[in-house]
Amino acid sequence: MKRLNSQLQEDGAPMELILLLRTLLAGCKEIAFRVSQGALAGVLGSTLSDNVQGERQKKLDVISNQILKDILSESGYVKAISSEEEDDVVPCNPEGKYLVSFDPLDGSSNTDINSLIGTIFSITHAPQWMKPDDPSAFLQPGTQIVAAGYVLYGPSAMLALTTGRGTHLYTLDKTHGGFLLTTPNVKVPEKTSEFSINTSNQRHWEAPIQAYINDLLAGTEGPREKDYNMRWVAAMVGDIHRVLSRGGIFMYPYDKRDPSKAGKLRLLYEANPMAFLVEQAGGLAETGTGRIMEVMPTEIHQRVPVLIGSKEEVETCLSYNNKN
Ligand code: F6P
Ligand code: MN
């Protein structure tokens, strides 16, 4: 089976980017090991602190963030980091050529139930003019990303990665510690009969999403004339992995609970990397009013509404904006 290095070279990734990715993934392998130890290492449960998003941090959020921060800042390839678990950008090497944004442990509430979790990341070029502690260079649209991916810590540890030449899925072979290419050029089927949304928020959604979901729930007796199935992992990384593997539509739409928040998921280290992966696999990634990757960020922890998945289903969902 092909190794990560060979595929990255075949896709034309520059050597320094390959070295950065290998460094980042070494950190993810350490996270995979820490996560697998669970209660034996006393790493489950919460800390006593909240992150900048107001979410109670899990012990594994803090551990995973520290692992990635240390390995990336010592690597020399990175000028600065932005992380879900850091209030501000973390300055690294002033000569570093890249900026890395990451969610060190997505879906971390799943650590309590031994369910799916993962690390999500994206990489852009660091502008030369940029000072390492200046957040403004992170405020680039997703179209500027040079590599994005996630590592899913599940029954197997799997990597989904794109450098803009398709999306490839790799599986970690723990016997030698390498990621082996198990699904090259994964394709999201254009049609689906599976959707993913937290329906407990239904009363807060806007009218078009309400109408769209009602029609899916009506099944064969409704206007869509087929039965839909529903899945919700409560970790975006798990839900998007299912979408990449067999299609579907994943939604965390705008809702009216808190008008100051445009959605729940964060643009830089959740929505954008997943959008790049899914678009490179032939799917769509929209906010409801445009392409996720074209949103111009105004701050590093910005949130966006998310509609990601099978092309025809996302298009159908968007068409409800024009119905009344
Ligand atoms: O990181 C935010 C996140 O945990 C996502 O991974 C996940 O899709 C979503 O929030 C789950 O939200 P909820 O708590 O509404 O199920
Ligand atoms: Mn997350």
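**Exercise 1. The largest nonpolar core**

Task: In this predicted model, find how many residues the largest nonpolar core has, and which of them have the most contacts inside it.

Solution: The largest nonpolar core has 44 residues, and those with the most contacts inside it are Tyr150, Ile240, Leu244, Met274, Val306 and Ile308. The next step is to see which elements supply this core: β7, β8 (157-162), α5 (236-246), β13, α6 and β17 each give at least two residues, and the helix that gives the most is α6, with nine residues. The last step concerns the place of the core between the domains: because domain 1 (4-183) and domain 2 (194-322) both give residues to this core, it lies between them. Apart from this core lies another, of 41 residues, which includes Leu60, Val78, Tyr98 and Ile117.

**Exercise 2. The surroundings of Val306**

Task: Leaving aside neighbours within four places in sequence, determine which residues are in contact with Val306.

Solution: With those neighbours set aside, Val306 is in contact with Met236, Phe250, Met251, Tyr252, Pro253, Leu265, Ala271, Glu286 and Ile292. Val306 is also one of the residues with the most contacts inside the largest nonpolar core.

**Exercise 3. The five-stranded sheet and its helices**

Task: Work out the order of the strands in the open sheet of five strands, and then state which strands are at its edges.

Solution: The order is β12-β11-β13-β17-β15, and the pairing is mixed. The edge strands are β12 (229-230) and β15 (284-286), each of which pairs on one side only. For β15, the partner is strand β17 (residues 306-309), and the two pair in the antiparallel sense over three bridges; within this pairing, Leu284 has Gly309 of β17 as its bridge partner. Helix α7 (residues 311-319) packs on the sheet, where it touches β13 (249-252), β15 and β17, and its direction makes about 150° with that of β17. Helix α6 (residues 267-280), for its part, lies across β15 and β17 and runs at about 25° to β17.

**Exercise 4. The position of Pro135**

Task: Locate Pro135 along the chain, and decide whether Pro135 is buried, partly exposed or exposed.

Solution: Pro135 lies in the loop between β6 (117-125) and β7 (147-153). Its relative accessible area is 39%, and since a residue counts as buried under 20% and as exposed over 50%, Pro135 is partly exposed. Leaving aside its neighbours within four places in sequence, Pro135 is in contact with Val89 and Ile300. Pro135 and Leu44, 91 residues apart in sequence, are 32 Å apart in space, C-alpha to C-alpha.

Methods:
Residues are numbered from 1 along each chain as its sequence is written. Chains are lettered from A and ligands numbered from 1 in the order in which they are written. This is a predicted model: local features need pLDDT of at least 70, side-chain atom pairs count only at pLDDT 80 or more; totals for chains, interfaces and linings use all residues. Side-chain values use heavy atoms; hydrogens and water are left out. Two strands pair if DSSP finds at least two bridges between them. Helices (H or I, at least four residues) and strands (E, at least two) are DSSP runs, numbered from the N terminus. Contact means heavy atoms within 4.5 Å. Axes are lines fitted to C-alpha atoms, for helices over the stretch in contact, and angles run from 0 to 180 degrees between N-to-C directions. Buried means under 20% relative accessible area, exposed over 50%, partly exposed in between (1.4 Å probe, protein chains only). A nonpolar core is a set of buried Ala, Val, Leu, Ile, Met, Phe, Trp, Tyr and Cys residues joined through side-chain atoms within 4.5 Å. Domain bounds come from an automatic or database domain assignment.
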